[in-house]
Amino acid sequence: MLHWYKIAETEEALPWQVNGMCMVLVADKPRLLVRFGGELYAMAAFCPHAGAVLAEGFVSGRGEVVCPLHDYRFRVRDGYNSSGEGYRLRCHVVERRADGIYLGVAEVAGA
């Protein structure tokens with residue numbers, strides 16, 4: 001089950017960087033938002049390899065967030081580590097609604 005969090009009134013109200021990414025705090029955790037191909041994607045904010053802040057990297061033309069530390073690549077649509085190191089980023093659903101931008105976070109059983 002998803003718990004929905006309103007993260008902004010409008011897409012333009014989010015703190016976008018020039019690289020098409022921004023960080024938001026949702027459920028007391030930083031999340032990475034990415035603009036790519038006219039869509040919004042959300043995922044874990046830190047690289048699972050060495051903890052680098054992914055928002056300091058860039059988005060490739062193939063829709064991959066590229067880690068600024070070791071150039072590991074993660075697909076925005078599913079968090080798959082397309083550079084082959086075997087990691088995966090946790091992804092979240094983003095919805096544009098009439099009253100704002102929402103991010104869905106899956107509830108963890110037993111938490």
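User: What do strands and pairing mean here, and how many bridges join β5 to strand β6?
Analyst: Helices (H or I, at least four residues) and strands (E, at least two) are DSSP runs, numbered from the N terminus. Two strands pair if DSSP finds at least two bridges between them. This is a predicted model, where local features need pLDDT of at least 70, side-chain atom pairs count only at pLDDT 80 or more, and totals for chains, interfaces and linings use all residues. Between β5 and β6 (residues 64-66), which run antiparallel, the number of bridges is two.

User: Which residue in β6 stands opposite Val59?
Analyst: Residues are numbered from 1 along each chain as its sequence is written, and side-chain values use heavy atoms, leaving out hydrogens and water. An open, antiparallel sheet holds three strands in the order β5-β6-β7. Opposite Val59, in β6, you will find Val65.

User: Which strands stand at the edges of the sheet of six strands?
Analyst: That open sheet has antiparallel pairing and the order β1-β9-β8-β4-β3-β2. Two of its strands have a single partner strand each, so one side of each is left without a neighbour in the sheet. They are β1 (2-8) and β2 (21-26).

User: Is Tyr5 buried or exposed, or partly exposed?
Analyst: Tyr5 lies in strand β1 and stands opposite Leu103 in β9. Tyr5 touches residues including Val26, Ala27 and Ile101, not counting residues up to four places away in sequence; contact means heavy atoms within 4.5 Å. Buried means under 20% relative accessible area and exposed over 50%, with partly exposed in between (1.4 Å probe, protein chains only). At 27% relative accessibility, Tyr5 is therefore partly exposed.
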